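Please open the structure in a viewer and keep the selection tool at hand. The stops below are meant to be taken in order.

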Amino acid sequence: MHVMLCCNAGMSTSLLVQKMQNEVAARGEDTVIEARPMNEAMDHINEADIILLGPQIGYAKADFEKAVDGRCPVVVIPMVDYGRMNAPKILDDIKATLA
Amino acid sequence: MDEMNDLQMTCFEIISFVGTAKSCYINAIAKAKEGAFDEAADLIKQGDEAYNGGHDVHMKLLQADAAGERNGEAPLILLHAEDQMAGTETCKLMALNFIDTYKELFALKAKVAE
């Protein structure tokens, strides 16, 4: 499974990605998780099975949904989970969304 | 850098709060553009609540700094949090002005259509 995380500068998201990658490794899963700044994300939009947006670009959800055109879900990471870098919860929510 | 230290977690909290506020303010402009001014006002209110959440967390940092409890550490993530706060504040000012502008525009359109 390929997860793409986006936010405007890609900085705080890249730290969250690292925490999620550690969690995925701990769970022994082979999920690929990558962080991309918003302007780059659109060029790689068809590589992901799910797109997670940081709260700071939650407003762009409709643009992302138009770009993927129903091919995969676009989800805004809940403020509390993002603020606490809650990698296990975010990964569980991804599974629930894709189930 | 496996374990997130307290300062990083504080920064993420700020970024998450003010980031949510920014989205609210930008969505408020989109609503005003559609003429949905009540929804726009509600989104501004939601944005303020989220922003205040970030502001409260930031205040704790300032107080710790003032009390000499911080070692002056300023990692890039703290600068990013500050940047997001300042940017969101500007976003709100712009959103309020856009909403007023769209209100006038819709009023003028209504008059022209009479």
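What follows is a tour of a predicted model, going from the interface to the cores, the salt bridges and a few single residues.

**Stop 1: the two chains where they meet**

Colour chain A and chain B separately, then select the residues of each that touch the other chain. On chain A there are 18 of them, in contact with 20 residues of chain B. Between them the two chains bury about 1,700 Å², and 66% of this area is on carbon and sulfur atoms.

Now pick A:M11, A:Y59 and A:M79. These residues of chain A lose the most area to chain B, and together they account for 34% of what that side buries.

Which elements of chain A give two or more residues to the side that touches chain B? Select α1 (11–27) and α4 (79–83) of chain A to see them. The largest share, six residues, is from α1(A). By residue type, this side of chain A consists of nine nonpolar, seven polar and two charged residues.

Next, turn on polar contacts and salt bridges between the chains. Five residue pairs are in polar contact across the two chains, counting pairs with both residues at pLDDT 80 or more. The number of salt bridges between chain A and chain B is zero.

**Stop 2: a serine facing the other chain**

Select B:S23, which lies in helix α1 of chain B. Show what surrounds B:S23: leaving out residues up to four places away in sequence, it touches A:P55, A:Q56, A:I57, A:G58 and A:Y59. Is B:S23 buried or exposed? B:S23 counts as buried because its relative accessibility is 6%, under the 20% limit.

**Stop 3: the nonpolar cores**

Hide the surface and show the nonpolar side chains. The largest nonpolar core has 45 residues, and those with the most contacts inside it are A:L5, A:L16, A:M20, A:I33, A:L52 and A:I94. In chain A, the elements that give two or more residues to this core are β1 (2–7), α1, β3 (50–53) and α5 (87–98). In chain B they are α1 (6–34), α2 (37–66) and α3 (76–113). The largest share of the core, eleven residues, comes from α1(B).

Centre the view on A:M20. Apart from neighbours within four places in sequence, A:M20 is in contact with A:L5, A:I33, A:L52, A:A87, A:I90, A:L91 and A:I94. Then move to a second, separate core of 13 residues, among them A:A41, A:I51, A:L53 and A:C72.

**Stop 4: salt bridges**

Side chains of opposite charge can pair when their charged atoms come close. Over all chains, the model has 13 salt bridges.

Select A:R27 together with A:E23. Their side chains meet in a salt bridge, 3.0 Å from N to O. Both residues lie in helix α1 of chain A, four residues apart, which is about one turn of the helix.

Add A:D92 to the selection. A:D92 also forms a salt bridge with A:R27, with an N to O distance of 3.0 Å. This pair links distant parts of the chain, since A:D92 is in helix α5 of chain A and A:R27 is in helix α1 of chain A, 65 residues apart. A:R27 is partly exposed at 28% relative accessibility, and A:D92 is partly exposed at 40%.

For a salt bridge in chain B, select B:K31 and B:E39, whose closest N and O atoms are 3.3 Å apart. Both are partly exposed: B:K31 has a relative accessibility of 24%, and B:E39 has 43%. Back in chain A, shared partners join A:E23, A:R27 and A:D92 into one network of salt bridges.

**Stop 5: residues in loops**

Select A:T31, in the loop between α1 and β2 (32–37) of chain A. A:T31 is buried, with a relative accessible area of 13%. Beyond its neighbours within four places in sequence, A:T31 is in contact with A:M1, A:V3 and A:V24.

Finally, compare two residues other than glycine that have a positive phi. A:D69 has phi near 50 degrees and is in the loop between α3 (61–68) and β4 (74–76) of chain A. A:M85 also has phi near 50 degrees, and its place is in the loop between α4 and α5 of chain A. A:D69 is exposed at 66% relative accessibility, whereas A:M85 is buried at 1%.

Methods: Residues numbered from 1 in each chain as written. Chains lettered and ligands numbered in written order. Predicted model: local features only at pLDDT ≥ 70, side-chain atom pairs only at ≥ 80, totals over all residues. Heavy atoms only, no water. Contact = heavy atoms within 4.5 Å. Buried area = accessible area lost by both parts, 1.4 Å probe. Salt bridge = Lys/Arg side-chain N within 4 Å of Asp/Glu carboxyl O. Polar contact = N/O pair within 3.5 Å; in protein donor to acceptor, adjacent residues only side chain to side chain. Nonpolar A, V, L, I, M, F, W, Y, C, P; charged D, E, K, R; others polar. Core = buried A, V, L, I, M, F, W, Y, C linked by side-chain atoms within 4.5 Å. Buried < 20%, exposed > 50% of the residue type's maximum accessible area, 1.4 Å probe, protein only.
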